[in-house]
Amino acid sequence: MKLATWNVNSIRVRLPHVLDWLQARRPDVLCLQETKVEDHAFPVNALREMGYSVCSNGQKTYNGVATLSLKPVRHVLTTLPGSGDEQKRFLAVDIGKTHIVNVYVPNGAEVGSEKFRYKLSWLRRLTKYLAEAMTRYNRVIVMGDYNIAPADEDVYNPKGWEGSVLVSPRERKAFQGLIDLGLIDIFREFEQPDASYSWWDYRRAAFARNWGLRIDHILCSAALARQCTSSDIDTAPRGWERPSDHAPVIAEFK
């Protein structure tokens, strides 16, 4: 079983990239974030032609998540319990015996801002949801753009980013709260190259200089972690023409 997550920063713009990448890597499940289209406008047919079923939870211009699967999808949940807002950032499905949660965590804008408080509140609700889900499911995977770099090794210039949104102590504490539930950051279970990142700003030739952050993650329950054989970041699509600013993160399981 091969699983992947990718913030595509507009499925309309990046559809050719997604199709090419699916053809080359053929994951069993791909979670997309920032699709930026309403469900009726999602390019379902192009993906179905490749053998994927599609669950979309989208909105116009902003946010949006979608989960693609080679196997049937059941028990779709599109609203994070307790959220009470219209931002499309959450999609939970069952695929076989595995509960897969696709998340696009709010950016937070600036530490201390209203958007930052919303981010922390959203993460608290996510933690509460996952705590309950892990009592019902043995196999849980939470994939997506978390907008959090958990440690200094996930930041190209820790000193320069110190105290900023994406790396602030409160955000990292919230991420650790997910780990404390028993979830495992599967990428860090394997030896990885130094300076491994999943996002690079479009400005200042950041990708060419590898000035990045690791903010896209695959967390999984212990039962699945024991079956994981590899995890990596495919940086190649970030170098394609008109790329997303994120790269796909992949994990493979027995």
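These exercises walk through a predicted model, each with a worked solution.

Residues are numbered from 1 along each chain as its sequence is written. In this predicted model, local features need pLDDT of at least 70 and side-chain atom pairs count only at pLDDT 80 or more, while totals for chains, interfaces and linings use all residues; side-chain values use heavy atoms, with hydrogens and water left out.

**Exercise 1. Follow helix H1**

Task: Find where H1 bends, and which elements its buried residues pack against.

Solution:
- Step 1. Start with the names: helices (H or I, at least four residues) and strands (E, at least two) are DSSP runs, numbered from the N terminus.
- Step 2. Check the span. H1 covers residues 11–25, and its end C-alpha atoms are only 18 Å apart, short of the 21 Å that a straight helix of its 15 residues would reach. That expected span is 1.5 Å times one less than the number of residues.
- Step 3. Locate the bend. At histidine 17, H1 bends by about 30 degrees, where the bend is the angle between axes fitted to the seven residues ending there and the seven starting there.
- Step 4. List the buried residues. Buried means under 20% relative accessible area, exposed over 50%, and partly exposed in between (1.4 Å probe, protein chains only). In H1, the buried residues are Ile11, Arg14, Leu15, His17, Val18, Trp21 and Leu22. An α-helix has 3.6 residues a turn, so residues three or four places apart point the same way.
- Step 5. Name the neighbours. These buried residues pack against strands E1 (2–7), E2 (29–33), E4 (65–69) and E14 (249–253), and against helix H2 (44–48). Contact here means heavy atoms within 4.5 Å.

**Exercise 2. Look for positive phi**

Task: Serine 10 and lysine 36 each have a positive phi; state where each sits and whether it is buried or partly exposed.

Solution:
- Step 1. Most residues other than glycine have a negative phi, and most peptide bonds are trans.
- Step 2. Serine 10 has a phi near 100 degrees and is placed in the loop between E1 and H1. Serine 10 counts as buried because its relative accessibility is 12%.
- Step 3. For lysine 36, phi is near 65 degrees, and the residue is found in the loop between E2 and H2. Its relative accessibility is 25%, so lysine 36 counts as partly exposed.
- Step 4. Arginine 26, just after H1, also takes a positive phi, of about 45 degrees.

**Exercise 3. Build the sheet beside H1**

Task: Give the strand order of the sheet that contains E4, and describe how E4 sits in it.

Solution:
- Step 1. Two strands pair if DSSP finds at least two bridges between them.
- Step 2. The order is E3-E4-E2-E1-E14-E13, an open sheet of six strands with mixed pairing. Strand E3 (53–57) and E13 are its edges, each pairing on one side only.
- Step 3. Look at both sides of E4. E2 and E4 run antiparallel and are joined by five bridges, with glutamine 33 opposite valine 65. E3 also pairs with E4 in the antiparallel sense over five bridges, and asparagine 57 has valine 65 as its bridge partner.
- Step 4. Check burial. Five of the five residues of E4 are buried: Val65, Thr67 and Ser69 point one way, and Ala66 and Leu68 the other way.

**Exercise 4. Find the core and the second sheet**

Task: Which residues touch the most other members of the largest nonpolar core?

Solution:
- Step 1. A nonpolar core is a set of buried Ala, Val, Leu, Ile, Met, Phe, Trp, Tyr and Cys residues joined through side-chain atoms within 4.5 Å.
- Step 2. The largest core has 27 residues, and those touching the most other members are Ile100, Ile141, Met143 and Phe253. A second, separate core has 22 residues, including Val142 and Leu183.
- Step 3. Take isoleucine 141 as an example: not counting residues up to four places away in sequence, its contacts include Leu3, Ile100, Ile218 and Phe253.
- Step 4. Turn to the other sheet. Its six strands form an open sheet in the order E5-E6-E7-E8-E12-E9, with mixed pairing. Strands E5 (74–77) and E9 (184–185) each have a single partner strand, so one side of each is left without a neighbour in the sheet.
- Step 5. Within this sheet, E8 and E12 run antiparallel, joined by five bridges, and methionine 143 stands opposite isoleucine 218.
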